[in-house]
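These are my notebook entries on one model. I looked up its salt bridges and its nonpolar core.

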Amino acid sequence: MFRFIVWLIPTLEKLPRGQKFLLGDRIQAAALDVFERLIEATYSKARERALSDANLGLEKLRFLFRVCAELHYLDLRRYEYAARSLDEIGRMVGGWIKANRAAQA
C-alpha cells in the first residue's frame, strides 16, 4: 500500500485542474484512509473492523479509478497500474481477513 500511495500522489497532480480538487482529493483521502486502517489492523488485537473498513475503501477506490479512466482523466497505463495494485492489495487484505477469522474460530 505504501508504494501505491507514493505512486498515487504525483499521479493525481496530473488530473485536470477541475477534477484534481474533486476526484483527486476523494481518491487521495480514500487511499490514505485504507492505509490508516491497515496500520490500525497491524497494531490492534481487534482487526476485523479495520480490515473490513480497508476492504470497503479499496472497493471505493476501484470505482473512483474507473470513473477517471472512463472520463479519460487517466491514460490506460496508469489505470492498469492502479487496477492491478488495488487488486493485489485487495487479495492480501482478503487473505488477512480469512486468516483472522480462522484464528478466532
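Entry 1, contacts of F4. Leaving aside its neighbours within four places in sequence, which residues is F4 in contact with? I find A31, F65, A82, S85, L86 and I89, where contact means heavy atoms within 4.5 Å.

Entry 2, basis of the values. I note that this is a predicted model, in which local features need pLDDT of at least 70 and side-chain atom pairs count only at pLDDT 80 or more, while totals for chains, interfaces and linings use all residues. Residues are numbered from 1 along each chain as its sequence is written, and side-chain values use heavy atoms, with hydrogens and water left out.

Entry 3, nonpolar core. I looked up the largest nonpolar core (a set of buried Ala, Val, Leu, Ile, Met, Phe, Trp, Tyr and Cys residues joined through side-chain atoms within 4.5 Å) and found 28 residues in it. F4 is among those with the most contacts inside this core, together with M1, L8, I27, L61 and F65. At least two core residues are supplied by each of α1 (2-12), α2 (17-43), α3 and α4. Helix α3 gives the largest share, eight residues. Helices here are DSSP runs (H or I, at least four residues), numbered from the N terminus. For burial I used relative accessible area: buried is under 20%, exposed over 50%, and partly exposed in between (1.4 Å probe, protein chains only).

Entry 4, salt bridges. I counted a salt bridge where a side-chain nitrogen of Lys or Arg lies within 4 Å of a carboxyl oxygen of Asp or Glu. A search of the whole structure gives nine of them.

Entry 5, E48 and R101. I find a salt bridge between the side chains of E48 and R101, at 3.1 Å from N to O. This pair ties together parts that are 53 residues apart in sequence, because E48 lies in helix α3 (residues 48-70) and R101 in helix α4 (residues 76-104). E48 is partly exposed at 25%, whereas R101 is exposed at 51%.

Entry 6, R91 and D87. The side chains of R91 and D87 form a salt bridge of 2.9 Å, N to O. Both residues belong to helix α4, and they are four residues apart, so about one helical turn separates them. I recorded R91 as exposed at 55% and D87 as partly exposed at 37%.

Entry 7, the network at E36. I find E36, R37 and E40 linked in a network of salt bridges. Within it, the side chains of R37 and E36 meet at 3.8 Å, N to O. R37 is partly exposed at 21%, and E36 is partly exposed at 40%.
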